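Student: Could we go through this structure together, one question at a time?

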Amino acid sequence: MSADDPPRSIPGARLMFSLDPSVSYLNHGSFGAVPINVQRAQQRLRDEMEANPLRFYGTGLLDRVVHTRRHLAAFLGADPDGSALMPNTTAAISLVLQSVRFEPAEEVLLTDHGYGSVALAVRRECRRTGATARTVAIPLGATDPEVVSRIRSALRPGRTRLLVVDQIASATAATFPVREIVAAAREHDIPVLVDAAHVPGMLPVDVAAIGADFWVGNLHKWGWAPRGTALLSVSAPWRRRIDPLVVSWEQEQGYPLSVEFQGTIDYTPWLAAPTGVFTLRTLGWETVREHNAALAAYGQRVVGEALGLAPSDLPAPGAPGIAMRVVPLPAGLASTTPEAIALRQRISDKLAAETAINAWGGRGLLRLSAQVYNRPEEYLHLAEHLPALLAEHQR
């Protein structure tokens with residue numbers, strides 16, 4: 001098989017999911033897709049909960065949450081005593097921002113690859129505390145040393161109170177050398193929050209080795225867990241300072257139980273999450289990773305060629321195993337968020353293909369994901385019909 005050939009499908013993998021077969025679902029990165037056996041595991045937990053709610057919530061629930069947390073923390077190389085289950089990275093980041101407690105003279109440093117709601121959360125906390133938010137620009141395709149150099153130069157010792165950086169950026173699919181970035185910030189005792197929403201299940205990770213003060217990743221994207229499952233890891237010096245967004249009965253226990261126990265929320269996504277990890281391992285995690293990365297690269301290439309882009313115009317991943325790739329759209333298309341949303345919806349309606357469109361740096365980026373349920377012909381179909389749709393959309 002040549003490098004231009006599409007990767008072979010994993011036998012039976014498509015049957016593991018309940019996705020609509022009439023739709024090309026090329027956007028696993030946004031909301032994930034839950035395997036059928038994981039859906040059933042969660043439903044069994046829901047049935048148990050509804051059969052006797054008092055017993056479910058009142059007898060052994062905390063032990064089950066702790067057991068689940070330890071299982072997921074081990075999968076990610078995180079300290080289970082310093083980790084907490086969360087509904088998503090968004091909630092975890094708001095929790096961290098509230099707990100850091102900024103002063104008016106301080107600032108939060110972001111990159112221009114950061115997720116939109118993270119920037120919104122930072123700005124809100126800055127308005128509340130009088131701190132300021134500042135963004136450092138990182139060119140698409142920058143090398144790891146260039147990324148570290150730009151961030152190091154942007155740090156302001158004595159003023160930068162927190163650095164927020166992605167491990168895999170959502171809009172651009174760029175990977176950041178977070179271990180080296182953390183080391184650079186550590187030279188000035190600047191805490192680092194790593195947004196690793198897309199990492200669990202896509203890349204092997206050793207959270208403890210990264211050394212970040214805060215690290216959070218979703219397991220409901222590439223880890224095949226039910227939606228509403230994330231893990232926040234907090235370094236030892238910060239754990240006593242984590243203040244839950246909502247106070248409940250385990251408040252006096254401190255982090256992580258004070259964060260995890262929130263009364264009558266639905267805990268079944270967390271408790272079913274190990275089934276997702278088990279399923280991923282059963283299929284062969286390395287096999288899944290290699291397949292997804294190769295298929296994403298294939299999709300980027302065929303769609304890019306259809307839009308007249310040279311290989312040098314297509315951003316390469318910063319690390320092996322990345323299952324998301326971006327294709328720059330023609331100038332003037334999707335240059336704002338409302339335009340990007342409108343174009344994504346049009347592709348969905350006209351081509352029965354779900355993609356991600358993001359406005360970044362004044363230009364639209366089409367982001368393609370690849371998962372075991374995807375087939376090469378889905379990307380070929382998009383490549384065949386997308387140019388005409390874009391031309392019509394521009395008129």
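Tutor: Here come a few questions on aromatic rings and on one buried acid. This is a predicted model, in which local features need pLDDT of at least 70, side-chain atom pairs count only at pLDDT 80 or more, and totals for chains, interfaces and linings use all residues. Residues are numbered from 1 along each chain as its sequence is written, and side-chain values use heavy atoms, with hydrogens and water left out.

Student: How are the planes of Phe56 and Tyr57 arranged: stacked, tilted or edge-to-face?

Tutor: Rings of Phe, Tyr and Trp (its six-membered ring) pair if their centres lie within 6.5 Å; planes under 30 degrees apart are stacked, over 60 edge-to-face, and the rest tilted. The centres of Phe56 and Tyr57 are 5.3 Å apart and their planes meet at 80°, so this pair is edge-to-face.

Student: Is Tyr267 buried or exposed?

Tutor: Buried means under 20% relative accessible area, exposed over 50%, and partly exposed in between (1.4 Å probe, protein chains only). Tyr267 has a relative accessible area of 1%, so Tyr267 is buried.

Student: Which side chain of opposite charge is nearest to Asp195?

Tutor: Lys and Arg count as positive, Asp and Glu as negative, while His and the chain ends are not counted. A salt bridge needs a side-chain nitrogen of Lys or Arg within 4 Å of a carboxyl oxygen of Asp or Glu. Asp195 is buried but has no salt bridge, and at 8.7 Å the nearest side chain of opposite charge is Lys221.
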